[in-house]
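The following paragraphs offer a guided reading of a structure, to be followed with the sequence and the coordinates at hand.

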Amino acid sequence: MTTTATPLKRTPLYDRHVALGGKIVPFAGFELPIQYTSIMEEHLAVRNGVGIFDVSHLGEIAVKGAGALAFLEAVVPTDLTKLVDGKMQYTVVLNEQGFILDDIIIYRDSFDSFYLIVNASNIAKVEKHLQKYARPDAVVADFSDHCGCIAVQGPKAVDVVDALFDKQAKNLGYYAFKPLEGSDNRAWISRSGYTGEDGFEIFAGPELLGPIWDRLVTEGKKFGLVPCGLGARNTLRLEAGNGLYGHEYDETRTPYDGRLGWLVTSTKEYVGKQALAAKKAGIKERVVGFKVNDKAPARDGYMILKDGKPVGKAASGTYSPSLKVGIGIAHVAAEHAVVGTKLEMEAHGRRVPIEVVKLPFTPIRHL
Amino acid sequence: MALDLSKLKYLESHEWISVEGNKGIVGISDHAQREISDVVFIELPKVGRVVKQKESCMVIESVKAAFDIYSPVSGKITKVNDKVAGDPGVVNQSAYGDGWLFEIELSNPAELANLLDAKKYDEVKHHAH
């Protein structure tokens, strides 16, 4: 038997990451920087100023045609009737068993034109699933290899974008998007992100993306802008209580045990609806946030215990640069998923006291 | 504490030891602290614990991951640096000074021959893990 390792992909900005001293690691099939200088510094730059991230690994799938809206309504559990042109909707794609295939963002360009932002590790899987339900009047096309993305995040993101790229971006509402000023419709900007801070995501083809990155790095300096890696992206999203596919959500989880019940509407039919309804009452675990009672970081996979007995497992964990304690998100038995409950985590053979706390860990400061 | 860096011995896993008589002081290399970066938590070994050469005896955690630290020699832990437990960032600031980790009484000094000298470590550190 021979094993063929899938070659890692590089984003259009790879050479720039190397030139900036980024420490390159494999992530979701891509070679990306985990950090440039320090996760801690990059994290705090985003909380207090502004940072940029190469998130070109994210997948982009277009859905076009007169039946595009009806098609999407049938493949996600969220009501899309209130989603208007130029706005976005976070949701999930469920499989026929009601389990989460991916968490995605739907961009509505017009009634017959939508863009789906999907997780890098799930692009092929989601595309295949959608193709199964595609119809003559709703064409599904993955264009991930032709589209990159830069996230500009932090309280000063609006100043940077306003000064360098787009005077109108500051008038964008949260989860709204439009063509980037002066880009001739070849780049798009949305007010969105993963860090819990105000910010923007700029989508463009490989040839436009590099020059945008370069301007942000050089001209952004006077705003204190810092290039940030995957490490800070993870600690920021965790503090903001945002799940990451493969950790909080996967194909063994439904929206109800993943804190995503709010995405599910009862007012329409969609793939996985019956299976999900049948599972709902039997779901025994919930997603909770927890704080470690000392500086020990939590890590994904740590066992969670109550009175010495396993009651769950950490899905994500880190040391919180903002709070200066260990934090984590765990799946725990529903009866212990109550804020204030004292539990323990097992870290390298040591039992460490933790406490269930409200998510997010740090205040959400986007619009 | 001023160490003569040229006299340090290393494990390929980036721990250094400075030996005087049958006593050794152990830390991690400057290269290792840079690779680990942002040390936020250190779980030191218990004083009195007997360890074998290359046995994992403590943990250093950064924001991104936990790293096992191996003892460069066999022996008994005689002292630990409580200062780094309270202020783990010292390991980043001074890997060969105030960021030392523990003292050990060597039970088999002949094992020092298994370690890398400073020059050899310098050659292999970028490929070692």
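In what order do the three strands of the open sheet in chain A run? In this predicted model, the order is β1-β3-β2, and the pairing is mixed. The edges are formed by β1 (9–10) and β2 (23–27) of chain A, each of which pairs on one side only. β2(A) and β3(A) run antiparallel and are joined by five bridges; within this pairing, I24(A) has P33(A) in β3(A) as its bridge partner. Helix α7(A) packs on the sheet, where it touches β2 and β3 of chain A, and its direction makes about 70 degrees with that of β3(A).

The division into domains places this region in a wider frame. Chain A comprises domain 1 (9–55 + 147–239), domain 2 (59–144) and domain 3 (284–367). Between the centres of domain 1 and domain 3 of chain A, taken over C-alpha atoms, there are 29 Å. Their contact draws 16 residues from domain 1 of chain A and 14 residues from domain 3 of chain A. On the domain 1 side, the elements that give two or more residues are α2 and α7 of chain A. That side of domain 1 of chain A consists of five nonpolar, six polar and five charged residues.

A closed barrel is also found in chain A. Its six strands run β15-β18-β17-β16-β19-β20 (chain A) with antiparallel pairing, and the twist from one strand to the next averages 45 degrees. Within the barrel order given above, β17(A) pairs with strand β18 (residues 326–333) of chain A in the antiparallel sense over seven bridges. T318(A) has I327(A) in β18(A) as its bridge partner. Helix α7(A), already met on the open sheet, also lies across β17 and β18 of chain A, and runs at about 125 degrees to β17(A).

The next region is built around strand β7(A). Is this strand largely enclosed or left open? Eight of the 11 residues of β7(A) are buried, so the strand is largely enclosed by the rest of the structure. β7(A) is joined to β6(A) by eight bridges, and the two run antiparallel; V93(A) stands opposite D102(A) in β7(A). These two strands form a hairpin with five residues between them, and G98(A) in the turn has a positive phi of about 85 degrees. β7(A) also pairs with β8(A), in the antiparallel sense and over five bridges. Here I105(A) has I117(A) in β8(A) as its bridge partner, and the hairpin of β7(A) and β8(A) has two residues between the strands.

Strands β6, β7 and β8 of chain A return in the surroundings of helix α4 (residues 123–133) of chain A. Which residues of this helix are buried? They include I123(A), V126(A) and L130(A). These residues cover an arc of only 75 degrees around the axis, which puts them on the same side of α4(A). On the other side of α4(A), K128(A), Q131(A) and K132(A) are exposed. The cover over the buried residues of α4(A) includes β5 (59–64), α3 (68–75), β6 (87–94), β7 (100–110), β8 (113–118) and β9 (139–142) of chain A.

A comparable reading can be made of helix α5 (residues 157–164) of chain A, in which A157(A), V160(A) and V161(A) are buried. Seen down the axis of α5(A), its buried residues fall within an arc of 95 degrees, so they line one face of the helix. Among the elements that cover them are β10 (148–153), β13 (199–204) and α6 (206–219) of chain A.

The remaining topic is the second chain. The contact takes 16 residues from chain A and 10 residues from chain B. On the side of chain A that touches chain B, the elements that give two or more residues are β3 (30–35), α2 (39–48), α7 (230–239) and β17 (309–319) of chain A. By class, this side of chain A holds seven nonpolar, six polar and three charged residues. Within chain B, W100(B) has its place in the loop between α3 (90–93) and β9 (102–106) of chain B. Why does W100(B) count as buried? The reason is that 24 other C-beta atoms lie within 10 Å, and a residue is buried if that count is 20 or more. The C-alpha atoms of W100(B) and V63(B) are separated by 20 Å, and the two residues are 37 residues apart along the chain.

Definitions and conventions:
Residues are numbered from 1 along each chain as its sequence is written. Chains are lettered from A and ligands numbered from 1 in the order in which they are written. This is a predicted model: local features need pLDDT of at least 70, side-chain atom pairs count only at pLDDT 80 or more; totals for chains, interfaces and linings use all residues. A residue is buried if 20 or more other C-beta atoms lie within 10 Å of its own, exposed if 12 or fewer, and partly exposed in between; C-beta atoms are placed from the backbone. Helices (H or I, at least four residues) and strands (E, at least two) are DSSP runs, numbered from the N terminus. The arc is that of the directions from the helix axis to the C-beta atoms. Two residues are in contact if their C-beta atoms, placed from the backbone, lie within 7 Å. Ala, Val, Leu, Ile, Met, Phe, Trp, Tyr, Cys and Pro count as nonpolar, Asp, Glu, Lys and Arg as charged, and the others, Gly among them, as polar. Two strands pair if DSSP finds at least two bridges between them. Axes are lines fitted to C-alpha atoms, for helices over the stretch in contact, and angles run from 0 to 180 degrees between N-to-C directions. Domain bounds come from an automatic or database domain assignment.
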